[in-house]
Amino acid sequence: MGVYLLLIVGATTSMAEAAAACTGWPACGDGYALPTERAGWVALGHRALAVAVGLLVVVSTALAWRNQEPRRVRLALTLALVLFPVQAGLGALTATGWLPAALGSAHLLVGVVIFAGVIAALAWWLEGETGTPDDAPGDFEPGTDHLPPAEEAPEAPIPTATIPRLKATVFAYFRLMKPRLMWLLCLVAAAAMALAGGPGFTPATVAATLVGGSLAIGASGTFNHVLERDVDKRMQRTSDRPLATDLVPVPRAVAFGLLLTALSVGLFLTVNVLTAALGLFAILFYSVVYTLVLKPNTVQNTVLGGAAGALPALIGWAAVTGELGGGGLLLALVIFLWTPAHFYNLALAYKDDYERGGFPMMPVVHGETATRRHIIWYLGATLVAAAVLALVAEPLGGLYAAVGVALGAIFLWMVVRLHYERTEAAAFRAFHASNAYLGLLLFAVVIDALVIDAIMI
Ligand code: HEM
Ligand SMILES: CC(C)=CCC/C(C)=C/CC/C(C)=C/COP(=O)(O)OP(=O)(O)O
């Protein structure tokens with residue numbers, strides 16, 4: 001996380017601006033003066049932190065060699081160590097303005113490679129410490145054709161009195177929309193809209209996009225329930241769902257999904273055609289491609305399915321700008337990479353349930369050790385993408401960097417604990433940490449872009 005702090009502080013303060021405020025080296029002015037403005041202190045802090053983190057990398061590498069840790073751990077840390085002075089040199093050239101423009105992104109690139117080296121060493125070291133090399137089941141067969149028929153779930157008691165019956169029915173349709181996911185998916189779209197900003201960012205557009213997005217999520221959630229109603233009966237987590245317990249007749253659920261689709265596309269059309277097209281694509285991608293094709297058939301289901309959750313970033317950006325822009329695409333990449341680090345914790349917690357459902361989830365196919373390793377890979381990739389977003393998206397500043405490092409550290413810590421504890425509780429803790437990380441990071445995007453950036457102007 002020390003290396004990450006260097007990465008995101010560097011990216012967030014777009015070091016060129018901070019470097020210009022402290023052109024000397026190693027300190028400012030003639031090389032030994034203190035800065036006179038805020039950006040200069042950021043640059044100086046970046047350098048002081050680089051010394052402290054560099055020492056940590058030296059100590060970690062020395063310990064890895066002294067303790068004869070696995071060879072790949074030692075090599076990954078040695079790569080990070082060898083690149084550190086190179087990175088400091090590139091930093092000095094950046095600070096003194098001598099770095100040739102062609103090498104402009106070299107400082108960021110080498111920083112990312114150093115971070116990747118440290119993350120790889122952590123993943124492999126944890127695997128050596130806590131893993132069971134061959135815990136992959138090996139004999140899993142996707143699908144449920146070879147499994148015994150699901151016992152019929154007890155029919156949900158439908159109240160006879162009018163009002164309770166009406167309440168139960170309304171609540172059942174509400175549950176079909178997967179409301180518990182809406183806050184974070186809408187926050188993705190909201191962050192994209194705030195990041196894009198500009199004249200297209202109007203209350204009417206924001207309202208139409210968020211309401212339209214909620215209806216689109218409701219539509220895709222409803223179709224997901226319709227298509228998975230039989231397999232939902234097999235899994236404890238989903239066996240009480242409205243269609244698994246015949247609380248809602250299937251034809252009415254389909255009609256409800258189609259109504260929600262029409263309403264969301266109609267609302268998106270009041271913004272622009274691109275937003276409506278993306279919204280319809282998202283509904284179809286999640287309902288058909290993910291639910292019918294990916295989820296039951298491939299262990300990469302939620303990696304590829306992560307595109308569904310990334311689409312709200314493109315929808316929000318398109319709503320405000322009328323096009324697909326760099327910031328929207330990068331934010332979509334952050335969500336795409338975050339999704340496996342989010343879901344794999346649930347896949348571990350519900351491993352037996354997914355096996356009963358015949359779903360080729362990562363722990364069911366490749367085992368828990370591999371799943372925990374993939375969580376660290378995707379968490380590291382998410383952190384890098386979040387840092388690069390700070391570089392590309394000008395409105396992001398200190399709040400975004402602080403939240404990204406603090407919540408990223410908490411998320412990483414929960415994943416490290418998951419490696420040592422290997423319990424359902426630890427998996428749920430890491431799962432909720434994934435939602436807290438993304439939720440607060442997106443909230444920081446909105447605040448940085450709408451409030452702080454506005455004040456700074
Ligand atoms: C293919 C991608 C994804 C899969 C497979 C997945 C899977 C799940 C599952 C199985 C649950 C538990 C639902 C339940 O038991 O009711 C869940 C909850 C949740 N997911 Fe994901 N998810 C994915 C992507 C996303 C995305 C992109 C977001 C938001 C950006 C998201 C946000 C949430 C939230 C907020 C919850 C509710 C947590 C709670 O119950 O408090 N998910 N996810
Ligand atoms: C704008 C728009 C329509 C975006 C759609 C994005 C969307 C609904 C993403 C959510 C992904 C998700 C929670 C998948 C879980 O489905 P699952 O079937 O694996 O979960 P389950 O087992 O709980 O049903």
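Me: Why is Asp240 called partly exposed, at 45% relative accessibility?
Reply: A residue counts as buried under 20% relative accessible area, exposed over 50% and partly exposed in between (1.4 Å probe, protein chains only). The 45% of Asp240 lies between these limits, so Asp240 is partly exposed. This is a predicted model, in which local features need pLDDT of at least 70 and side-chain atom pairs count only at pLDDT 80 or more, while totals for chains, interfaces and linings use all residues. Residues are numbered from 1 along each chain as its sequence is written, chains are lettered from A and ligands numbered from 1 in the order in which they are written, and side-chain values use heavy atoms, with hydrogens and water left out.

Me: What makes the pair Arg175 and Asp240 a salt bridge?
Reply: The term needs a side-chain nitrogen of Lys or Arg within 4 Å of a carboxyl oxygen of Asp or Glu. For Arg175 and Asp240 the N to O distance is 3.5 Å, so the pair qualifies. The two lie 65 residues apart, Arg175 in helix H6 and Asp240 in the loop between H9 and H10. Helices here are DSSP runs (H or I, at least four residues), numbered from the N terminus. Arg175, with a relative accessible area of 26%, is partly exposed.

Me: How do you know that Arg241 and Asp232 form a salt bridge?
Reply: Their N to O distance is 3.8 Å, and that is within the cut-off, so the pair counts. Arg241 has 15% relative accessibility and therefore counts as buried. Asp232, at 2%, is buried as well. Elsewhere, Arg72, Glu127 and Arg373 are joined into one network by salt bridges that share partners.

Me: What links Glu127 to Arg373?
Reply: A salt bridge does, with the closest N and O atoms 2.9 Å apart. Glu127 is in helix H5 (residues 106–130) and Arg373 in helix H15 (residues 362–392), so the bridge spans parts of the chain that are 246 residues apart. Glu127 and Arg373 are both buried. Side chains of opposite charge can pair when their charged atoms come close. The whole structure has 10 salt bridges.

Me: Why does Asp448 have no salt bridge?
Reply: The nearest side chain of opposite charge, Arg38, is 9.1 Å away, and this does not meet the salt-bridge cut-off, so no bridge is counted. For charge, Lys and Arg are positive and Asp and Glu negative, while His and the chain ends are not counted. Asp448, which is buried, sits in helix H17 (residues 424–456).

Me: What makes Asp448 and Gly397 a polar contact?
Reply: A polar contact is a pair of N or O atoms within 3.5 Å; within protein, one must be able to donate a hydrogen and the other to accept it, and residues adjacent in sequence count only if both atoms are side-chain atoms. The backbone nitrogen of Gly397 is 2.9 Å from a polar side-chain atom of Asp448, so the distance fits.

Me: How do you know that Arg180 makes a polar contact with ligand 1?
Reply: A polar atom of the Arg180 side chain is 2.4 Å from an oxygen atom of ligand 1, so it is inside the cut-off. Arg237 also reaches an oxygen atom of ligand 1, at 3.0 Å. His342 has a polar side-chain atom 3.1 Å from a nitrogen atom of the ligand. The shell around ligand 1 has 22 residues, each with a heavy atom within 4 Å of it. Helix H7 supplies the largest share, 6 residues.

Me: Which side chains make polar contacts with ligand 2?
Reply: Arg241 is one of them, with a polar atom 2.8 Å from an oxygen atom of the ligand. Tyr286 has such a distance of 2.7 Å, and so does Tyr290.

Me: Why is Lys178 called buried?
Reply: Its relative accessible area is 16%, and this falls under the limit for buried, so the word applies. Lys178 lies in the loop between helix H6 (162–176) and H7. It has a phi near 55°, a positive value in a residue other than glycine.

Me: What makes helix H1 largely enclosed by the rest of the structure?
Reply: Of its 11 residues, 9 are buried, so H1 (residues 2–12) is described that way. Val3, Tyr4 and Leu6 are among the buried residues.
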